[in-house]
Amino acid sequence: MLQPLRTACCFLGMWGRQREANSMYKRMPSRDYTNIVDVEDNSALVQNDQDPEASNPSWRLSFPHILVATITSFLFGYHIGVVNEPLESISLDLGFNGNTLAEGLVVSTCLGGALIGSLFSGWIADGFGRRRAFQLCALPMVIGASVSATATTLAGMLFGRLLVGIGLGVGPPVASLYVTEVSPAFIRGTYGSCIQIANCIGLMGALFIGIPVGEIAGWWRICFWVSAIPAGILALAMGFCAESPHWLYKQGRSTEAEIEFEKLLGGAHVKFAMHELSKLDRGDDTDTVKLSELFYGRHFRVVFIGSTLFALQQLSGINAVFYFSSTVFKSAGVPSDLANVFVGLANLSASVAAMVLMDKLGRKVLLLGSFFGMAVSMGFQVAGASSYVSGSGALYLSVGGMLMFVFTFALGAGPVPGLLLPEIFPSRIRAKAMAICMSVHWVINFFVGLLFLPLLEQLGPQLLYTIFATFCMIAVAFVKRNVMETKGKSLQEIEIALLPQE
């Protein structure tokens, strides 16, 4: 008779001690969290949380937050493509038709603004949090779109494009940070591809909405007005999304980080997520990151890899294709509206394929295959522009090469860098290192957009496309030598691998 009573009492005592231990997690400041985990028996963690196949959290919890964050990528794609088809109408209405430098400025001023925004994005994301950074980036995009839509002079158009660019400069790096930090490790690559898919949809949306521009006077103004709507939705919807638990933990707000983890992963995974976070992201790591730390010492290697990847991505010539595809296709005798549809479909279909493959093949394999395929595609365009090929053969090589180039770009070189870099950057420098790398991205993007048409006139398509192909092959060699695979690894495991603790 006494044995069942003793068993019940023992069970109740153990249950009471467990509840007390769990409540301690809620009360402990972040810097003491690791000590509690180390004292506990970790057998439960090993049994319940470290088997990824048995304990993956539901993707449905984090997906709505990812969906809202990718509105910034949609806006990025939209504003990249919004001047593609309407550029001729804009130049006629505003009085700079035939001035290739002015046309280049309409494209590139947005990129100059993005450079300004990206320089401050890391400090904004670290200072105000990821959610507030999204809301702050939406404001200049709404105002800038309105200014561009009502512009009556070139100066007014450039000012509006500059404001939009500032918002775009803040948004994409924060989106990459946010998606990386709120995604479960097993699906982080797939979510990272959502950024590129949103980019494609934005680009396609801009191309489609620009189709009537040649038939309806002033339609290009509608194209700019439309972009204010998703920017407003971003600002409102982000108020209901989770804050990054990584950012909260760095601020010493571990209780709030647990609450956000519960929203993103479910209650059963909170304890292990906090245990993983405590390995490296200490609450006493909130001291200011100096800019000089990013350029030498133990952080130089990862910042160099990130900056070079973004530089090679842009030097491949991809945005020259997006900005001026209408002009290039017209010279080949293909109607620009049909060409834009094909470019958009190639971009979107490859992005969907990348989403499926990212967590299966891995980041490095996709990067290698993508850059190599882009080099081959540029080779087709060089052949199409040569004097040895003429007629329909030249047309097929030129158009086919460009579509293949877009397709292979969207398989890896497009989506991977924005996901890979927040993965390889240590938590302490993640936001500011992304700001530096995105600044490199925007500088090169600016000059490619500004100089593509003049260089096409001066050098001719053969030599210019050969230069782009060469940069693609340089990228293949660089990725093979310097990039590590991050598929399926937690952010803490990646940090330990790249920056052994001193």
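A residue counts as buried when its relative accessible area is under 20%. In this predicted model, both lysine 432 and aspartate 126 are buried by that criterion. The two side chains form a salt bridge, with the closest N and O atoms 2.6 Å apart. The contact links distant parts of the chain: lysine 432 lies in helix 23 and aspartate 126 in helix 8, 306 residues apart.

Aspartate 126 has further partners. Arginine 130, also buried, meets aspartate 126 in a salt bridge at 3.1 Å, N to O. Lysine 250 forms another, with its closest N and O atoms 3.9 Å from each other. That pair again joins distant parts of the chain, with lysine 250 in helix 14 (residues 245–250) and aspartate 126 in helix 8 (residues 100–128). Lysine 250 has 8% relative accessibility and is therefore buried. Aspartate 126, at 12%, is buried as well. A network of salt bridges links Asp126, Arg130, Glu181, Lys250, Arg430 and Lys432. The whole structure holds 10 salt bridges.

Three cavities of 30 Å³ or more were found. The largest has a volume of about 380 Å³. It is lined by 25 residues, of which Phe76, Gln196, Asn199, Gln313 and Gly414 are the closest to its centre. Helix 11 gives the most to this lining, with five residues. By class, the lining of the largest cavity comprises 13 nonpolar, 12 polar and no charged residues.

On the surface, Val443, Phe447, Leu451, Leu455, Leu459, Leu463 and Ile467 make a nonpolar patch of about 520 Å². Leucine 463 belongs to helix 23 (residues 430–482). Its relative accessible area is 43%, so leucine 463 is partly exposed.

Key: Residues numbered from 1 in each chain as written. Predicted model: local features only at pLDDT ≥ 70, side-chain atom pairs only at ≥ 80, totals over all residues. Heavy atoms only, no water. Patch = residues over 30% accessible without salt bridge, like charges linked within 9 Å, V, L, I, M, F, W, Y side chains within 5 Å. Areas by Shrake-Rupley, 256 points an atom, 1.4 Å probe, with all protein chains shown as cover. Salt bridge = Lys/Arg side-chain N within 4 Å of Asp/Glu carboxyl O. Helix = DSSP H or I, 4+ residues; strand = E, 2+ residues; numbered from the N terminus. Buried < 20%, exposed > 50% of the residue type's maximum accessible area, 1.4 Å probe, protein only. 1 Å grid on protein atoms, 1.4 Å probe; cavity = no way out; pocket = protein on both sides within 12 Å on 5 of 7 lines; lining within 4 Å. Points joined across faces, edges and corners; volume = space filled by probe spheres on them. Nonpolar A, V, L, I, M, F, W, Y, C, P; charged D, E, K, R; others polar.
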